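Please open the model in the viewer and keep the sequence panel visible. The tour below proceeds by selection, with a short account of what is found at each stop.

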Amino acid sequence: MTSAAANGTPAGSEPGGQLRRLAEQTRALVGELTGPLRRVQVRHGDTVIEIEWHDRTTSVAATPSPPADASATGPTAPAADQAAPAAGHRIGSPIVGTFYRAAEPGATPFVEIGDSIEPGQVIGIVEAMKLMNEITTDRSGVVVEILAGDGDPVEFDQPLITVAPG
C-alpha cells in the first residue's frame, strides 16, 4: 500500500492531492459567480490555477442560459451585446475595477431603469484596489439602460448606464 497515509504523509498533502483539492475549490468558486468571468487566480503554495474568459461567447457555459421559449416566461432583459443601444448619454466608469449597483449585497440598487436622476447622484460603485469609488452622474435625466451587471468587471470608460433627457 503506497497511499499518503501509509507513508506518513498527511492525506491530501502530496502534490496531486493538493492540486485536486485546489481544482475542486476553484470549480466551486467559479460555480458561485454570476456574470461573465474575466479572470480567477487561485494559489496554494507553489500551485496556481488561472481561469480567464476574454469575451461573452467563451463564458456561456458559466452563465445560465435563458429558456428556449423566452416568450412563454414573459419579458426579459436582452443581453447587452444583443440589444440595440438606447438613445441617450452613456455614463462610463472612470476607473478599472468591479462595478456594484448597490452599497452592499442585498441592498436596493442606486438606480433602476425608469428612475429620474440629478447631477451628482450616485449611480453605482466601482471597487478598485479595495477602495469603493462612488460613480455619480453628470446630468439629469431618466435611466433608460443599465449596461453593467452587479459584480461585473469594468474597464476604464466602459459605459455603465444610459441616461435620456427627461
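Begin by selecting strand β5, residues 116-117, together with β8: the two strands pair in the antiparallel sense over two bridges. Highlight I117 and then G141, its bridge partner in β8. This is a predicted model, and the stops that follow should be read accordingly.

Extend the selection along β8, which covers residues 141-146. This strand also pairs with β10, again in the antiparallel sense, through four bridges. To see one of the partnerships, display V142 and A164, the latter being the bridge partner in β10. Strands of a sheet pair through backbone hydrogen bonds, either parallel or antiparallel.

Next, show the side chain of E145, a residue of strand β8. Is E145 buried or exposed? With a relative accessibility of 12%, E145 counts as buried, because the limit for that class is under 20%. Which side chain does E145 meet in a polar contact? The partner is the side chain of R90, at 3.4 Å.

Keep R90 on display and add T162, which belongs to strand β10, residues 159-164. The side chains of T162 and R90 are likewise joined by a polar contact, of 3.4 Å. R90 therefore has side-chain polar contacts with E145 in β8 and T162 in β10. The relative accessible area of T162 is 0%, so T162 is buried.

Now select L160 and show its surroundings. Setting aside residues up to four places away in sequence, L160 touches ten-odd neighbours worth displaying, including I91, G92, S93, F99 and I123. Other contacts of L160 include I135, I146, L147, A148 and V154.Stay with this region and colour the largest nonpolar core, which has 13 residues. Those with the most contacts inside this core are F99, I117, I123, V154, L160 and I161. Two elements, β6 and β10, each give two or more residues to the core. The most comes from β10, with three residues. In soluble globular proteins, nonpolar side chains tend to be buried together.

From the core, move to F99 and select strand β4, residues 97-100, with strand β6, residues 122-128. These strands pair in the antiparallel sense over three bridges. The bridge partner of F99 in β6 is V126.

Widen the view to the open sheet that contains both strands. In what order do its four strands run? The order is β7-β6-β4-β9, and the pairing is antiparallel. At the edges are β7 (131-136) and β9 (153-154), each of which pairs on one side only.

Turn next to I49, located in strand β2, residues 47-51. I49 is buried, since its relative accessible area is 16% and the limit is under 20%. Display the residues that I49 touches, leaving out those up to four places away in sequence: L19, L22, A23, T26, V40, Q41 and V42. For L22, a distance may be drawn between C-alpha atoms: 7.8 Å separates I49 and L22, which are 27 residues apart along the chain.

The final stop is R21, in helix α1, residues 15-32. R21 is partly exposed, with a relative accessible area of 37%. Draw a line from the C-alpha atom of R21 to that of H44: the separation is 9.9 Å, and the two residues are 23 residues apart along the chain.

Key. Residues numbered from 1 in each chain as written. Predicted model: local features only at pLDDT ≥ 70, side-chain atom pairs only at ≥ 80, totals over all residues. Heavy atoms only, no water. Buried < 20%, exposed > 50% of the residue type's maximum accessible area, 1.4 Å probe, protein only. Polar contact = N/O pair within 3.5 Å; in protein donor to acceptor, adjacent residues only side chain to side chain. Pairing = 2+ DSSP bridges. Core = buried A, V, L, I, M, F, W, Y, C linked by side-chain atoms within 4.5 Å. Contact = heavy atoms within 4.5 Å.
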